[in-house]
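Hi there,

Here is the structure I promised to pass on. Have a look at it first, and then read on for what turned up.

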Amino acid sequence: MKFMKLGSKPDQFQSDGENIRYIASELASDITIIVGDVKFYVHKFPLVSKCSLLQKLVAESSDDEINLSSIPGGPAAFEICAKFCYNMVVTLNAHNVVLARCASEFLGMHENVEKGNLIYKIDVFLSSCIFRSWKDSIIVLQTTKSFIPWSQELKIISHCVDSIASKATMEPSKVEWSYTYNRKTLRSEIQHDSQWNGQHIVPKDWWVEDLCELSVELYKEVITAIRATGVLSSDAIGESLIVYVSKKLPGLSHGSIQGVNVKKSQYLVDSISYLLPKEKGSVPGGFLLSLLHSSIILNCKDITRKELMLSISRQLEDSTVSDLLFSSPNGEMALYNIDVLHELVRLFVDQTRAMDESLDDPEIADASKTKVAKLVDDYLAEAGRDPSLSSFQFISLAEMVSGFPRPNHDAIYRAIDMYLKEHPDLSKNEKRRICQLMDCRKLSAAACSHAVQNDRLPLRVVVQVLFFQQAQSTGANSGRTPGFPGLLPRGSYGSSRSATTNSDNDWDVDHDELKDHRQRKTTSDSRSSSGDKASRRKMKIFARFWSNKDRTGEHSGSDTSDSPASAR
């Protein structure tokens with residue numbers, strides 16, 4: 001740490017109790033300066049010769065007491081200035097230089113009062129030493145918050161900010177001063193993101209941790225100045241924000257922010273959200289979701305939540321289910337706040353719609369849609385465990401991504417199965433609407449095998465799965481792709497929205513044959529000689545089912561009772 005020593009005489013200030021300071025001298029004091037609760041018994045001449053304010057006050061007052069309680073820095077600041085006036089030894093450093101500078105300005109210790117006055121000496125010290133030192137600049141900047149507005153008007157804050165920003169944006173190979181770096185970095189990252197300065201390897205993010213010493217207000221000013229230079233990447237800015245929040249709100253990443261000052265935490269989240277780079281991927285989605293979660297808990301500004309949601313939606317495909325499982329607000333029975341994901345998906349849909357119109361290659365947008373569809377499916381599988389999650393909420397969220405491309409429908413089937421398991425009292429109509437979210441033709445072989453033995457599914461869905469499974473098997477054996485959609489009544493597969501239902505009697509006719517088919521399925525596939533005959537028989541069974549459907553409409557929900565429970 002840099003320091004400057006002024007004066008040559010020994011310190012002669014002494015105390016008489018806690019509130020009295022005096023000069024140990026044979027010459028009696030002739031003036032009393034009151035600063036707060038402390039009285040200074042001093043001499044007029046040394047002080048008046050260097051302080052224009054005291055010249056004025058002494059000339060105007062007939063009293064031997066002068067009150068300077070409004071001096072910035074209080075008794076400690078006045079004593080430094082008084083020692084300088086007496087030519088006593090006083091040491092200035094990064095911790096007390098702002099205090100001394102503001103107090104000397106208050107007292108009017110300018111060059112026109114006396115040559116080589118305190119203000120001049122402090123300004124030389126600041127420009128030649130403090131502002132050239134990385135850590136001293138940060139210490140000085142942090143101390144300025146106690147002396148606002150003086151430190152602002154004297155431009156100490158702006159000079160510190162400019163000094164810090166210029167050093168943070170410097171080439172790492174030119175960094176020759178000490179800095180704090182306690183984070184663990186992989187060797188490969190060090191080699192890729194670091195530079196040799198002739199003595200040791202300097203990582204590109206060498207400056208990040210030292211800025212964590214700053215208050216939120218000052219940190220915000222520094223990051224704004226760094227961004228204005230345009231030198232550092234948005235990724236570097238994003239990393240700094242993450243490290244700063246981890247220091248100031250350590251429970252954020254774990255979703256725990258209990259025991260904190262609410263107003264300060266609100267301001268922190270609002271400020272960090274304001275500083276977030278707009279570039280996609282510059283900050284991990286998990287960090288953004290943690291900020292969003294905190295903004296909801298802390299009841300931050302609406303604009304903060306909206307901006308965070310917009311940023312998250314731009315990279316929603318990179319999120320994880322665990323990050324999205326926001327707990328419901330206090331007083332609500334639901335385990336999770338599903339409305340958050342609903343709004344994020346809505347924003348994502350709006351953005352992809354605009355992207356589809358602007359991109360020449362739609363596959364770029366489709367890749368993101370596929371990931372988001374899988375994310376929503378997995379989220380519903382987890383949120384479906386909540387008994388208080390309504391079928392309307394489940395269906396509403398699932399339908400938002402129903403048109404997104406998927407390699408298969410296994411994930412949405414798993415979500416449906418989980419929801420049906422936790423909500424056994426659903427009506428037939430609710431079950432029908434939920435099952436319409438999946439396309440039985442797009443289930444994998446493993447999912448089909450699970451579905452045909454799933455006693456939670458409506459009978460009609462099980463029949464569909466069996467039919468498509470058999471049709472695919474027949475097509476594979478014959479060496480051609482089956483045209484099974486044409487065999488079914490219109491609207492009877494996948495995303496069917498038919499509102500008609502079959503009577504229970506229509507299905508009772510063939511229920512025993514369906515059960516018999518389930519029992520014979522595993523053995524019939526292994527017998528190649530009798531496989532074709534079995535296949536033809538199954539097709540006849542299904543033809544009878546669908547002929548009944550043509551006559552009486554769509555069956556919506558009789559459950560089988562002899563199938564094993566769904567495997568997890």
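Which residues form a negative surface patch? They are Asp30, Asp63, Asp64 and Glu65. Please keep in mind that this is a predicted model. One member of the patch, Asp30, sits in the loop that runs between strand 3 (20-23) and strand 4 (31-35). With a relative accessible area of 36%, Asp30 is partly exposed.

Now to the charged pairs. Side chains of opposite charge can pair when their charged atoms come close. The count for this model comes to 17 salt bridges, and here are some that you may like to inspect.

Arg101 and Asp123 form a salt bridge through their side chains, at 2.8 Å from N to O. This pair links distant parts of the chain, as Arg101 belongs to helix 4 (residues 97-107) and Asp123 to helix 5, 22 residues apart. Are the two partners buried or exposed? Arg101 counts as buried because its relative accessibility is 8%, under the 20% cut-off. Asp123, at 32%, counts as partly exposed.

Helix 5 (residues 118-128) also holds Ile119, which is buried at 6% relative accessibility. Beyond its neighbours within four places in sequence, Ile119 is in contact with Arg101, Ser104, Glu105, Met109 and His110. Arg101 from the salt bridge above is thus one of the residues that Ile119 touches. As for Glu105, its C-alpha atom is separated by 7.0 Å from that of Ile119, with their positions 14 residues apart along the chain.

The next pair is Asp417 and Arg456, whose side chains meet in a salt bridge of 3.1 Å, N to O. Asp417 lies in helix 19 (residues 410-422), while Arg456 is in the loop between helix 21 (445-451) and helix 22 (459-478), so the pair ties together parts that are 39 residues apart in sequence. Both Asp417 and Arg456 are buried.

Arg346 and Glu343 make a salt bridge within one helix: the N to O distance is 2.6 Å, and both residues lie in helix 16 (residues 338-358), 3 residues apart, or about one turn of the helix. Arg346 is partly exposed at 34% relative accessible area, and Glu343 is partly exposed as well, at 25%.

Finally, which residues are linked in a network of salt bridges? Asp11, Arg21, Glu79 and Lys83 are.

Happy browsing, and best wishes!

Methods. Residues numbered from 1 in each chain as written. Predicted model: local features only at pLDDT ≥ 70, side-chain atom pairs only at ≥ 80, totals over all residues. Heavy atoms only, no water. Patch = residues over 30% accessible without salt bridge, like charges linked within 9 Å, V, L, I, M, F, W, Y side chains within 5 Å. Areas by Shrake-Rupley, 256 points an atom, 1.4 Å probe, with all protein chains shown as cover. Salt bridge = Lys/Arg side-chain N within 4 Å of Asp/Glu carboxyl O. Lys, Arg positive; Asp, Glu negative; His and termini not counted. Charge placed at Lys NZ, Arg CZ, Asp CG, Glu CD. Helix = DSSP H or I, 4+ residues; strand = E, 2+ residues; numbered from the N terminus. Buried < 20%, exposed > 50% of the residue type's maximum accessible area, 1.4 Å probe, protein only. Contact = heavy atoms within 4.5 Å.
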